[in-house]
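Student: I have a structure to read and would like the terms explained as we go. Could you take me through some of its features?

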Amino acid sequence: MMICMLAGILSCAAPAEDSVRAKAWEDTLTLPTYPPAPDDLNPHFRAYENAVYYPYTLQDRFTTEPRDVAHRVLILENEFLRVTFMPDIGGRIYSALDKTTGEELFYRNKVIKPGYIALRGAWVNGGVEWNNGPQNHTVTSFAPVDASFVNHADGSASVVIGDTEAVNRTRWTAWITLRPGKAYLEERIRIENETDLPQPFYFWNNAKFIHHDRVRFIVPASLMVEHGGKHYYPWPIRDGVDLSYVKNHHEPTSLFAVDCPFDFFGAYDLKRDHGVVIYADHKELVGKKIWTWGMSDDARASLANLTDDDTGDIEIQSGPLATQEDYGLLLPHERVEWQEWWYPIHSLRDGFDYATRDVALRVERTKGSKRATVRVAATASFPGASVAVYQPVDASAARAEKRMDLTPAKTQALDFDLADAGPARISVRGADGTDLASFVSPLQIPAVSTPDMPKEAETASAESKYLGAMKHFRGLAPTESRADFEAALATDPGYAAALRDLAALDLSEARDQSAAQRLTKALERNPDDSLAWYYLGVARLRMDDLEGALDAAAHTIRTVDRAEIGHDLEGQALARQGKWDRALEAFDETLRSAPGDSRTQDHRLIALHALRNTEALTATLLRTLDARPLALVPRLVKAFGQNGSLTTAAAQEFLHLAGWDEFMITEAALEFADLGRYDEAAQIAALLQNADATRGRPLPYYFGAYFLHRLQRDDNARALLVRAAAIKADYVFLKRPESLPVLQYALSVQPNDARAWLYLGSLYAGLNQTGVATGAWKRAVEIDSALSVAHRNLAVDAWRRAKNLPEAEAQFRAAIAAAPDDQTLYRDLAHVLVEQNRADEAITVLETMPQHDRRLDVIQLLADTHLRQDAPANALKVLASTRFTNREGSRATWITFSSAHLMQGRKRFDANEYKAALEDFRASLTYPANLGVGRPAHPEESESYYWIGLTLEKLNRLDEARKAFSRSAEGPDGSNHQKEFKAKSCAWIADHR
């Protein structure tokens, strides 16, 4: 991805002087970088492997040696801040320099060192990442996203980051703006559903801050809930410990503020006397999260997997949902949008008590004295501002007041005497009387009660089953969602909401006929359900029943509450009929009530293009590109409007703008095709074909052929299909239902195109239709037995779904024969052999596979299998062979290591080799650096100390033995295994009093 520069976009405000303008530009930044190894070439599906990221690849392999890499960056700068973005690594903010102090606003990692943390694997630490859905650390954590920058005429400048994630096809866009004279980053985020179906959404801004023992979290809340959303904790004091200090967290901690009534939170570094404030309307942005790795050795080991200089981070995250266990839902064409501001503060000594967008304040009370100080940090220059203290809080006259010139460069202070130890009101006003801040110190934080956990009903009603289905739907669990919908309908077969939303799930999985039948039944009970009529229209539109779609659109419009999407549906059907004047009227109706609807804006532009309405098109394009600089459809319409055809220059512009260019440009082509504009869609596909000479990607040819077929240019279409079939490409993963007719047409013309059968099977599996998928994969390998991915897909289906281990083994062996260098296949075959109690054969498979750059999970599995076969020395030898990068939270490498030493120690103990056994038992408590794991805050060590005690007893070192048994008995409770050895140690101590 390259960067599209939009320096000429206009603003209605007066232009600023060059000396005070904010500016944005493109540059490069060279950093030591550990490049990730090639992605896994096999797709991973939710139905088989609980992977919610298909059609994205898995990025789970990492290199171990850095090299200098020149990364493309976008720079955004004004007189106070200099911000660096990395569009090829998720668009993340890499650095935000506070120019007034020379300090970083966020944690800046000096290397790019991916670890196994994100949804797909690869993830780098530092700066700010944009966690759009589908879940957790997002699919683009280590991938290009769409990016641009804008220098506005009013003197401000913006970097615009965005992406349409391919799992749910929700679109997110973040405008990050610097304004002249302002020391804050202004962020505007929009998440929109540009599809015809309901889609889950999820978003967190993950800001990193430096990690050490003198850092504080600032969260003005009284109650927190942990990551799972079940356990609540008072904040900040719990059991006499102040949890706002990072030093008091000994293990990884993830907490979310519950019902926080304030608009600010952040973190402060007492060592640097520097911090960060995040400010947003708490009613719009309810999510306030803190995270720390903790202070244990394990935390340090985890951080060492992500950096090279012993530094690390905490996280302060903001988002529109309460916790990361919550998932929102956007109905068709719906969107959520908000603004927030981030800014640096300094010289406040111990953090801040209160903050607005303009100022942050800290009130210090001298212990044992009435003396106090209020410190004020500002985000802009406020000459002649007034800082006043009122005590009592309702006093009309200030007890102390001071005029001061507030600036971001210098924190100001007012010293004063309190009348008593009670609260005081602090007020900050601009010279013109503008209220910059007003609050009572100490800050009055309302007590929040721990909510009652919902109780399960003794007899689940149809409604409770329906609500469960919707929760699963939002959480990307379609199989579980379908089961709950069907359970609700078993209780009440006519339950309209369940029929409607199960039909929407059907449509998302390309089960159009089933959806139409359910919707017809739902409307028999509730004929006024606007969404049911709308989804019925979508189903009919997919089945080319245009009159039926128009009828459903008319009913949607008459229901009033969703009339705007009914008009858009009407416009789509009319456009397909070639009735462009009426289609334009319908799109206009939508935009009258929903002017920000991006998808309808695109539809309207295509209609104006079809009508050759040059004057209206020019004016609309100017407004649209100003508001949506990353949008592809407006750019394509503009390019078509110039001479009726797309040029090579246009192709380069679109390819440079888009992050995942193949996906984004195909999405744009389908927007034209959905309105019946197959000529333009074919030209867009040709852009990718022309740009594809060196990349060898088949999809542009398949889609181009389908579009030409719809234009009845079948000879040209066949020529493209011949070229598509000849391309032997990896990583061809499709999910969008509209791709089905594309591949079905290709196979109707070329039924022996093995790869098209492979792609079709993967598409069906991505749509949760595994039965149909296996039929397509079987046909693929019948035609071409060298398709390793098809064999693996069949193997995983037999293993995970059908539980047919012999068939899984046969398919894995066939896959290995086709791709002998794919280590994933050996790993999976070994698992299947172990499950068949053939561990010796599994070891042979793993030891005879290609040895270069072995996958870490292969090495782990080999060690575990040796341990299973009672060969601890072999397990330890395997573990010592490499440096591990573990999945976040995984301790598997150390568990195997410790277990191997315990097993080996017990063997030596039984052989009366007590000194050697003692060495093993003590080694089981160690943490070699290559394992990538450190000692946790609450280790389970009772078994090791128990055996150390027994061995010391055999060596007649009873005092040392007693100490070891005491260590075992005093360990934390932990697991049942831990408790067992604690009890044994207690018994030994009791017997030896």
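Tutor: Begin with helix 9, whose buried residues pack against helix 7 (530–542), helix 8 (546–558), helix 10 (580–593) and helix 11 (598–610). Helices are DSSP runs of H or I with at least four residues, strands are runs of E with at least two, and both are numbered from the N terminus. Packing here rests on contact, meaning heavy atoms within 4.5 Å. This is a predicted model, where local features need pLDDT of at least 70 and side-chain atom pairs count only at pLDDT 80 or more, while totals for chains, interfaces and linings use all residues. Residues are numbered from 1 along each chain as its sequence is written, and side-chain values use heavy atoms, with hydrogens and water left out.

Student: Why is helix 9 called largely enclosed by the rest of the structure?

Tutor: Buried means under 20% relative accessible area, exposed means over 50%, and partly exposed lies in between (1.4 Å probe, protein chains only). Of the 14 residues of helix 9, 12 are buried, so the helix is called largely enclosed. Among the buried ones are Ile565, His567, Asp568 and Leu574.

Student: How do you know what span is expected of helix 9?

Tutor: The expected span is 1.5 Å times one less than the number of residues. Helix 9 (residues 563–576) has 14 residues and reaches 20 Å from its first C-alpha to its last, close to the expected 20 Å. Just after this helix, Gly578 takes a positive phi of about 80°.

Student: What makes helix 7 largely enclosed?

Tutor: In helix 7, 12 of the 13 residues are buried, so the rest of the structure largely encloses it. Trp533, Tyr534 and Tyr535 are among the buried residues. Their cover includes helix 5 (496–508), helix 6 (512–525), helix 8 and helix 9. Helix 7 reaches 19 Å from its first C-alpha to its last, close to the 18 Å expected. Just after helix 7, Asp544 has a positive phi of about 60°.

Student: Why is Ile176 counted as buried?

Tutor: Its relative accessibility is 1%, so Ile176 counts as buried. Ile176 is in strand 12 (residues 170–178). Leaving out residues up to four places away in sequence, Ile176 touches residues including Leu76, Phe85, Trp130 and Leu185.

Student: Why is the pair of Tyr54 and Phe733 called tilted?

Tutor: Rings of Phe, Tyr and Trp (its six-membered ring) pair if their centres lie within 6.5 Å; planes under 30 degrees apart count as stacked, over 60 as edge-to-face and the rest as tilted. The centres of Tyr54 and Phe733 are 5.7 Å apart and the planes are at 35°, so this pair is tilted. The two residues are 679 residues apart, and the pair links distant parts of the chain. Both Tyr54 and Phe733 are buried.

Student: How do you know that the charged end of Arg800 sits over the ring of Trp799?

Tutor: A charge sits over a ring if NZ of Lys or CZ of Arg is within 6 Å of the ring centre and within 35 degrees of the ring normal. For Arg800, the distance to the centre of the Trp799 ring is 3.8 Å. Arg357 lies over the face of Trp341, at 4.8 Å from the ring centre.

Student: What makes a group of residues a nonpolar core?

Tutor: Such a core is a set of buried Ala, Val, Leu, Ile, Met, Phe, Trp, Tyr and Cys residues joined through side-chain atoms within 4.5 Å. The largest here has 179 residues, and Phe707 is one of those with the most contacts inside it. A second, separate core has 101 residues, including Phe209 and Leu361.
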